[in-house]
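I opened the notebook to record what I looked up, one entry at a time. The sequence and the model come before the entries.

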Amino acid sequence: MKTIPLLLMGCGGVGRQLLQHIVSCRSLHAKLGVHLRVVGVCDSKSLIVVSDELSMELDDEFLLEVCRVKLSGSSLLTLCNSGQFQALTNSDSTRKVIDIAAVLGKSLGLALVDCSASSGTIGVLKQVVDLGCCIVLANKKPLTSTMEDYDKLVSHPRRIRHESTVGAGLPVIVSINRVISSGDAVHRIVGSLSGTLGYVMSEVEDGKPLSQVVKVAKSLGFTEPDPRDDLSGMDVARKALILARLLGWRINLDSIKIESLFPKEMGANAMSVEDFLDSGLLLLDKDIQERVTKASLNGNVLRYVCVIEGSRNG
């Protein structure tokens, strides 16, 4: 049985689903001769880690309790009632993650899984890749940071996987990598890369107001924590940048032309998430409905489409 130590960063919807999946698939993993030994989980404020990362693990009952606690909006620190693990906060947790990576990376191996939606994990990820660790990303922000950060993260190609950053369950990234590895050139990529915006537009086509649809989508966990990341086109832009960089384009986010579905006066610097959901969205209903109607009259549907084409930027 091959045991793989794993540390999870991010206990939001994606992180919780991963923990539940690990627990529910134990029998499958056993048939494959693999055991995922979860040594720690952390959110934006704290880290819960076993007291001995070389031999101990957070058991399945505890992992499910983590899911319940985070779903309720509570802190991981409410779980600190056992001597079998440590609880750390802020900078202490960052140092501890790196310490664990140094101990496990080149001996037993460590899979550091980033299911957060934060750019704050980039510093840790850049350090652990040199320590023999594998990094697994659902978080798009590290791969859409500066080219310097990107080059560092992919400097050990066999130690990074990020299939879920673009396409979710669809094998978009592995397919592109196989095309490139076979010697074929990719000249153009066109796609509706946002499942969230696809859902939103389909619902609006059915006559529902945008403001209502976005709130429902957020409640279902379809949107980013701040739905403006989806509606601004920024989520699609990050996915486009990841794909472009896979093709060898050395570009940054500011090289991408993005069309936002809301004005800058409703941006994060001017309006809170709550105010945007309560009042800002209502101001967008009419415009979006008019665009849906116009597309329909032309025999089309309204979709947010990404286009990647042209020569590489060297």
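Is Gly33 buried, partly exposed or exposed? I looked it up in what is a predicted model. Gly33 has a relative accessible area of 25%, so I entered Gly33 as partly exposed.

**Entry: Gly33**

I placed Gly33 in the loop between helix H2 and strand E2 (34–42). Not counting residues up to four places away in sequence, I found that Gly33 touches Met1 and Lys2. I also checked Gly33 against Asp60: the two are 27 residues apart in sequence, and their C-alpha atoms lie 18 Å apart in space.

**Entry: Arg26 and Asp60**

I then followed Asp60 to its salt bridge. Its partner is Arg26, and the closest N and O atoms are 2.8 Å apart. The pair links distant parts of the chain, with Arg26 in helix H2 (residues 26–31) and Asp60 in helix H3 (residues 60–71), 34 residues apart. Arg26 has a relative accessible area of 16%, and buried means under 20%, so I wrote Arg26 down as buried. Asp60, at 25%, is partly exposed.

**Entry: more salt bridges**

How many salt bridges does the structure hold? I noted 16. One of them joins the side chains of Asp149 and Lys126, at 2.8 Å from N to O. This pair also links distant parts of the chain: Asp149 is in helix H6 and Lys126 in helix H5 (residues 122–128), 23 residues apart. For Asp149 I recorded a relative accessible area of 11%, which is buried. For Lys126 I recorded 26%, which is partly exposed.

Another salt bridge is formed by Glu224 and Lys140, whose closest N and O atoms are 3.8 Å apart. I located Glu224 in the loop between helix H9 (210–219) and H10, and Lys140 in the loop between strand E6 (134–137) and H6; the two are 84 residues apart, and the pair links distant parts of the chain. Lys140 is buried, with a relative accessible area of 11%. I then noted that Lys140 and Glu224 belong to a network of salt bridges that also takes in Asp235 and Lys239.

**Entry: helix H11**

Asp235 and Lys239 led me to H11, where I found both of them buried. Helix H11 covers residues 234–246 and has 13 residues. From its first C-alpha to its last, H11 reaches 18 Å, close to the 18 Å expected at 1.5 Å a residue.

How many of the 13 residues of H11 are buried? I entered 12, and the helix is mostly covered. Among the buried ones are Val236, Ala237, Arg238, Ala240, Leu241 and Ile242. What covers them includes helix H6 (147–153), helix H7 (172–181), strand E8 (188–191), helix H8 (195–205), helix H10 (228–231) and strand E9 (306–309). H11 is followed by Gly248, which has a positive phi, near 100°.

**Entry: Leu246**

I stayed in helix H11 for Leu246. Its relative accessibility is 18%, so Leu246 counts as buried. Which residues does Leu246 contact, leaving aside neighbours within four places in sequence? I listed Tyr150, His162, Ile173, Asn177 and Ile180. I also looked up Met266, which is 20 residues from Leu246 along the chain; their C-alpha atoms are separated by 33 Å.

**Entry: Val50**

Val50 sits in strand E3 (residues 46–50). At a relative accessible area of 1%, Val50 is buried. Leaving aside neighbours within four places in sequence, I found Val50 in contact with Val39, Met56, Glu57, Leu58, Gln84, Phe85 and Gln86. Asp278 is 228 residues from Val50 along the chain, and I noted 42 Å between their C-alpha atoms.

**Entry: the second largest pocket**

I closed with the second largest pocket, which holds about 580 Å³ of space. Its lining has 28 residues, and those that lie nearest its centre are Leu6, Leu36, Ala111, Val113 and Val136. Strand E1 (2–9), helix H1 (13–24), H2, strand E5 (111–114), E6 and strand E7 (160–161) each supply at least two residues of this lining. Which element gives the largest share? I entered H1, with 5 residues. By type, I noted 19 nonpolar, 4 polar and 5 charged residues in the lining.

Definitions and conventions: Residues are numbered from 1 along each chain as its sequence is written. This is a predicted model: local features need pLDDT of at least 70, side-chain atom pairs count only at pLDDT 80 or more; totals for chains, interfaces and linings use all residues. Side-chain values use heavy atoms; hydrogens and water are left out. Helices (H or I, at least four residues) and strands (E, at least two) are DSSP runs, numbered from the N terminus. The expected span of a helix is 1.5 Å times one less than its number of residues. Buried means under 20% relative accessible area, exposed over 50%, partly exposed in between (1.4 Å probe, protein chains only). Contact means heavy atoms within 4.5 Å. A salt bridge is a side-chain nitrogen of Lys or Arg within 4 Å of a carboxyl oxygen of Asp or Glu. On a 1 Å grid over the protein atoms alone, a cavity is a set of points where a 1.4 Å probe fits but cannot get out, and a pocket is an open set with protein on both sides within 12 Å along at least five of seven lines; lining residues have an atom within 4 Å of a point. Grid points are joined across faces, edges and corners, and a volume is the space filled by probe spheres set on the points. Ala, Val, Leu, Ile, Met, Phe, Trp, Tyr, Cys and Pro count as nonpolar, Asp, Glu, Lys and Arg as charged, and the others, Gly among them, as polar.
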